[in-house]
Amino acid sequence: MKVISLNTPSTASTIYIGKDATKSRLPALTNGVKCFVVTDSNVHALYGDFFTEYFKDAEIFVLPAGEEYKNFASLQAILEKMSAAGLHRTSRVFAVGGGVIGDIGGLAAALYMRGISCVQIPTTLLAQVDSSVGGKTAIDLDGVKNVVGAFYQPQEVLVNPTFLSTLPPREIKCGLGEIVKYAALNGEIFDCLERGFEDLEKLIAVCIEHKARVVERDEKEAGERKSLNVGHTTGHAIELTSGLSHGECVLYGMWLETDMAIKAGVCEKEYGARLKAIVKRALKNEPVSKLDLSNVKAFAGKAKSDKKNADDNKIVMSVAKAKNEWTVWALSFEEYVSALEKAVLDWKREELVCEQ
Ligand SMILES: NC(=O)c1ccc[n+]([C@@H]2O[C@H](COP(=O)([O-])OP(=O)(O)OC[C@H]3O[C@@H](n4cnc5c(N)ncnc54)[C@H](O)[C@@H]3O)[C@@H](O)[C@H]2O)c1
Ligand SMILES: [Zn+2]
């Protein structure tokens, strides 16, 4: 089992990674403590034995699965149940599920009595490599994602890859999008993916290690933490217009942004070509959706209206520059549209070559 510490000015958090992570930590974490579990309907149905084994005396809140339940009404219902269960300052919340559960369960723990202990048990690949680590918690409001939230570090994160055995391919691909994002920032992960996937557990651990070090240096995303948005400006815009999964859109976004950055001389040519090849290989994983790239202006418009990416009328992207190097790259809307159109042409050209 791998153990990673994440120390910020506010908390010390410990992340345990391995098939024994839950078995070895849960008895101590649940012993003599009032426990409250937040999970979703899919995870609850699949892992009944797990809940019976470790949480037989705990209050279990089962949220229907889906992003649409990451909202205020669910948060209120969770907090009311916590209060009704008589949780106090020394009680502990366990968020067992994907990123939706981690985000809303973590926020409930942050708010209840101004913050009680929280343990994250991520069950999707995306949550294991990304969302359970780093203390970002949130809900969506009026269609705006993650607009209400808090930075609140979990006391522990228990990453057990065994949960991934029941994950549908679409969700595996979502996690893959984030893993490739780390490859764009970290030479070790880049080399690992270029060689081809070997040991998933090891790969999860190096991704977490990378994120933990970034969060330690920049917990509140004033600078370096923004690097974790590589591929996300264009990816998110594609997600909003296409309805494809987050991971697949991030992969498309990363390919297109890298192509744009190479042409502008922002990203090293040879390195960028290798990164694009890694992205392309990840995109070939099932399910493969055909993305309609004919309406560049439509998704460029979405990038512009995204407050997180737009600054002084500029579209702001975090892009890979060279191995282990990234940069913030800002373009005017017109420059962005023109660069994106050229990248889309490149994509189509490469696709045609592949199909022949
Ligand atoms: N806090 C952060 O830093 C951060 C980072 C990235 C994403 N996020 C958030 O994470 C969310 C996306 O996370 P996600 O992709 O895990 O989505 P999710 O939580 O909706 O899970 C995806 C699906 O997989 C199911 N599932 C979960 N574990 C399973 C298992 N072991 N076997 C079978 N099915 C399982 C869920 O029920 C759901 O249907 C978004 O809300 C996003 O905003 C947060
Ligand atoms: Zn993402």
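**Methionine 113**

I looked up methionine 113 and found it in the loop between α5 and β6. The model I am reading is predicted. Phi of methionine 113 is near 50°, a positive value in a residue that is not glycine. I then asked whether methionine 113 is buried or partly exposed. It counts as partly exposed, because 13 other C-beta atoms lie within 10 Å and burial needs 20 or more.

**Asparagine 146**

I looked for a positive phi elsewhere and noted asparagine 146, at about 55°, which is not a glycine either. Asparagine 146 sits in strand β8. With 15 other C-beta atoms within 10 Å, asparagine 146 is partly exposed.

**The sheet**

I went on to the strands. In what order do the seven strands of the open sheet run? I read the order as β1-β2-β9-β6-β5-β3-β4, with mixed pairing. The edges are β1 and β4 (59-63), each of which pairs on one side only. Ignoring direction, neighbouring strands of this sheet are turned by 15° against each other on average.

I then took the pairs one at a time. Strand β3 (residues 35-40) and strand β5 (residues 92-97) are parallel and share five bridges. Within that pair, threonine 39 has valine 96 of β5 as its bridge partner. β2 and β9 also run parallel, joined by four bridges. β6 and β9 are parallel too, and two bridges join them.

Which residue of β9 is the bridge partner of isoleucine 15? I found valine 157. Valine 157 turned up again when I looked up glutamine 120, whose bridge partner in β9 is valine 157.

I checked the two faces of β9 next. Glu156 and Leu158 lie on one side, Val157 and Val159 on the other, and all are buried. Both faces of β9 are therefore covered, given that a residue counts as buried at 20 or more other C-beta atoms within 10 Å.

**Helices on the sheet**

I asked which strands α5 lies across. They are β3, β4, β5 and β6 (117-122), and α5 runs at about 170° to β5. A helix that also packs on the sheet is α9 (residues 200-217), which touches β1, β2 and β9 (156-159). The direction of α9 makes about 15° with that of β1.

**Two domains**

I looked up how the protein is divided. Domain 1 covers 2-166, and domain 2 is made of 169-197 + 205-355. The C-alpha centres of domain 1 and domain 2 are 28 Å apart. How many residues of domain 1 are in contact with domain 2? I noted 17 residues of domain 1 against 17 residues of domain 2. On the domain 1 side, β1 (2-7), β2 (12-17) and α6 each supply at least two of the residues that touch domain 2. By class, that side of domain 1 has 10 nonpolar, five polar and two charged residues.

**Around ligand 1**

I turned to ligand 1, which has 28 residues around it. Which of them come nearest? They are Asn42, Gly98, Gly99, Thr124 and Ser131. The elements giving two or more residues to this shell are α2 (41-46), α5 (99-111), α6 (125-131), β8 (144-151) and α7 (169-183). I had already met α5, lying across strands of the sheet, and α6, on the side of domain 1 that touches domain 2. Sorted by class, the shell around ligand 1 holds 10 nonpolar, 10 polar and eight charged residues.

**Single residues further along**

I looked up threonine 233 and placed it in helix α10 (residues 232-242). Threonine 233 counts as buried because 26 C-beta neighbours lie inside 10 Å. From threonine 233 to glutamate 325 is 92 residues in sequence and 18 Å in space, C-alpha to C-alpha.

Alanine 273 lies in helix α12. With 13 C-beta neighbours inside 10 Å, alanine 273 counts as partly exposed. Isoleucine 262 is 11 residues from alanine 273 along the chain, and their C-alpha atoms are separated by 8.3 Å.

My last entry is a peptide bond. Where is proline 287? It lies in the loop between α12 (269-283) and α13 (296-305). The bond joining glutamate 286 and proline 287 is cis, with omega about -5°.

Key:
Residues numbered from 1 in each chain as written. Chains lettered and ligands numbered in written order. Predicted model: local features only at pLDDT ≥ 70, side-chain atom pairs only at ≥ 80, totals over all residues. Near = placed C-beta within 6 Å. Nonpolar A, V, L, I, M, F, W, Y, C, P; charged D, E, K, R; others polar. Domains from an automatic or database assignment. Contact = placed C-beta atoms within 7 Å. Pairing = 2+ DSSP bridges. Axes fitted to C-alpha atoms, helices over the stretch in contact; angles between N-to-C directions. Buried ≥ 20, exposed ≤ 12 C-beta atoms within 10 Å, placed from the backbone.
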